[in-house]
Amino acid sequence: MVADRPPFEDLYRAYLGRIYAYVRAQVGSPSDAEDITAQVFMNAYQAYARFEARNTTPAAWLFRIARNATLDHFRAHGRRERLRRTIEHQPVAEEDPSGVAEERIQYRALMARVAQLPERQRDAIALRHSGLSFEEVGALLKCTEDAAKMLYHRAVKALREVVEKEAV
Amino acid sequence: MSEPDEPEDLEVAALQRLLDDAFETTRPRPGFEDELWTRMQATRPAGSRLRDAWLGLVQAIREAPAVPMAAVAAVLVVVIGAGALVYSGIGRGGAGSTATSGAAFGSEPFALSSPGAFGRLPAPGLARGNTDRPTTAAPQSATAGAAYTGPVALKWTGTLNLTISTAPVFRYHEPTTNTADQFATSLGAVLVSRPAGYLGSYQTTNYSVRVRGTVQSPAREPSYNILPISSTDIIDTAGGPADLALVFLGERSLAPTWQLTPEVVVSGDVAKVTLDRQFGVTGYGYAYLVDDSGARYGVEVDLQGNRPTSATGPMPLNLESAPYSIISADAAVQSVLASSPVPASGTPTATLTSAELVYSLVVAGDHSFYEPSFLFSGTYTVNGTTYVKRVLVPAVDPTQRSS
């Protein structure tokens with residue numbers, strides 16, 4: 001094992017939840033998110049021997065794999081299918097009527113709205129709120145750090161408009 | 001995670017905080033983490049897993065600080081257990097770690113006690129009539145040939161090297177119906193009934209589960225039995241039957257947390273996978289769990305193609321352990337030879353050529369024990385048929401046994 005490369009299991013435990021949340025924000029459906037997350041870590045597990053920490057951070061490396069896996073998923077299933085699943089999985093109050101779960105329902109609704117944003121905006125929000133720096137977001141989206149910041153802020157504004165519109 | 005970068009207004013800032021919280025709390029369902037880890041481990045060759053287990057063991061020993069010998073022994077028992085987790089395909093994410101996430105059941109690490117802490121131990125019920133099987137049939141096969149039940153004289157020609165003078169004894173509390181219900185709940189099963197002889201019968205959407213307590217004779221620990229499994233429940237993974245069995249068990253948080261060795265018997269598209277259970281013994285290595293005939297056992301999973309059809313295994317229970325003095329190798333050999341009947345005309349003589357430390361279950365009411373024994377093995381021939389001879393000798397020093 002290379003000295004500056006942590007054991008894969010450490011990465012797995014540290015990033016599984018974040019990668020899942022990132023994917024979930026893209027696809028909307030929990031079952032699709034699990035399938036894609038599983039694919040991400042299977043791929044990463046196979047490729048970890050070739051990972052070189054001096055070139056990138058483990059987080060950026062994993063999120064790159066996750067982003068590619070998500071794009072592959074959309075290519076395979078088509079945007080229409082994605083939208084159908086997103087709408088299908090819109091949280092409703094009946095899912096969990098207890099008052100304690102209200103916040104969770106609100107979060108699910110927000111994630112579903114993120115999933116409806118245009119691809120780059122969705123990516124910018126999901127990557128940023130999964131813990132990546134703007135530099136890392138920019139590297140993944142193939143733009144500068146400043147451009148990533150601008151893209152992110154536009155995405156948040158777009159999301160706010162969607163939320164406000166649906167609240168009316 | 002973050003404060004908003006240059007927030008333009010309070011609404012945007014609030015939305016960013018909401019996004020932080022949403023991403024922070026969006027996580028996969030409980031159990032997914034360990035299921036996926038098990039699947040990933042199952043894609044690796046067994047040799048690679050064994051190597052990792054060994055490296056983990058060596059590393060842990062290197063990192064152990066200088067402490068009194070008793071503490072070293074305690075650490076080693078735990079380390080061996082940890083190595084077992086890795087080889088079993090579970091790693092730190094197996095049932096041992098799921099205990100911390102609340103997704104697993106009854107998989108606490110061994111609690112170590114002082115030497116002889118369980119008091120005098122009941123003796124293993126190993127003395128029975130002869131039921132030796134021919135070598136030509138699989139030892140655990142239902143089609144094994146007829147047993148030989150006559151007297152057999154014993155001769156020892158092997159070598160038993162033993163460098164340890166103590167070995168751990170493991171103890172569990174007899175589970176209650178409440179324990180069984182909790183176990184079933186961890187599988188996602190609901191109680192249906194409590195049939196006679198069982199702690200409970202449970203049902204999920206895909207299969208039924210029966211849980212029973214300790215069986216007196218032949219001695220068996222509390223166990224679960226899963227069947228029938230839905231015809232749609234196909235394991236989608238690469239690997240052989242043993243990997244499929246591990247994935248199937250892992251997906252239900254039932255992957256063994258103990259050291260195991262898989263045995264696979266294949267017939268057409270049907271396979272029986274037995275994950276033989278082993279216990280770690282400091283200074284010795286791993287010792288198999290055997291039944292009262294000396295046959296290894298653990299979890300059994302039946303497969304038809306990629307579809308599991310049934311699974312039976314020990315209910316996960318918390319084990320306590322305490323070291324006990326054991327007899328020497330010479331004393332074990334003397335004991336096995338002393339059990340040999342006086343040779344009479346026509347009495348076959350079994351040549352015992354190998355011996356190993358094993359564990360067997362000793363049922364004792366509220367608590368039952370896994371106690372060390374020596375298993376001597378060899379063969380003999382009667383009327384042209386060669387039979388396997390196994391003899392179990394209790395290993396715990398007689399002064400620490402109640403009978």
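Buried means under 20% relative accessible area, exposed means over 50%, and partly exposed lies in between (1.4 Å probe, protein chains only). This is a predicted model, in which local features need pLDDT of at least 70 and side-chain atom pairs count only at pLDDT 80 or more, while totals for chains, interfaces and linings use all residues. Residues are numbered from 1 along each chain as its sequence is written, chains are lettered from A and ligands numbered from 1 in the order in which they are written, and side-chain values use heavy atoms, without hydrogens and water.

**Interface of chains A and B**

Chain A brings 40 residues to the contact and chain B brings 37 residues (contact: heavy atoms within 4.5 Å). The area buried between the two chains is about 3,400 Å². Buried area is the accessible area (1.4 Å probe) that two parts lose on being put together, summed over both. Carbon and sulfur atoms give 65% of it. A:Y45, A:Y107 and A:H129 supply 19% of the area that chain A buries against chain B, more than any other three residues.

The rule finds three salt bridges across this interface (a side-chain nitrogen of Lys or Arg within 4 Å of a carboxyl oxygen of Asp or Glu). One pairing joins B:R29 and A:E34.

**Salt bridges**

The count over all chains comes to 13 salt bridges. Four are listed here.

| Pair | Closest N to O distance |
|---|---|
| B:R29 and A:E34 | 2.8 Å |
| A:R67 and A:E119 | 3.9 Å |
| B:E320 and B:R171 | 3.1 Å |
| B:E356 and B:R296 | 3.6 Å |

A:R67 and A:E119 meet in a salt bridge within chain A. The pair links distant parts of the chain: A:R67 sits in helix α3 (residues 58–88), A:E119 in helix α5, 52 residues apart. Helices (H or I, at least four residues) and strands (E, at least two) are DSSP runs, numbered from the N terminus. A:R67 is buried at 11% relative accessible area. A:E119 is partly exposed at 37%.

In chain B, B:E320 pairs with B:R171. B:E320 lies in strand β13 (residues 320–325) and B:R171 in strand β3 (residues 166–173), so the pair ties together parts 149 residues apart in sequence. B:R171 is buried, at 17%.

B:E356 pairs with B:R296. B:E356 lies in strand β14 (residues 349–362), and B:R296 in the loop between β10 (285–290) and β11 (298–304), so this salt bridge ties together parts 60 residues apart in sequence. B:E356 is partly exposed at 21%. B:R296 is partly exposed at 30%.
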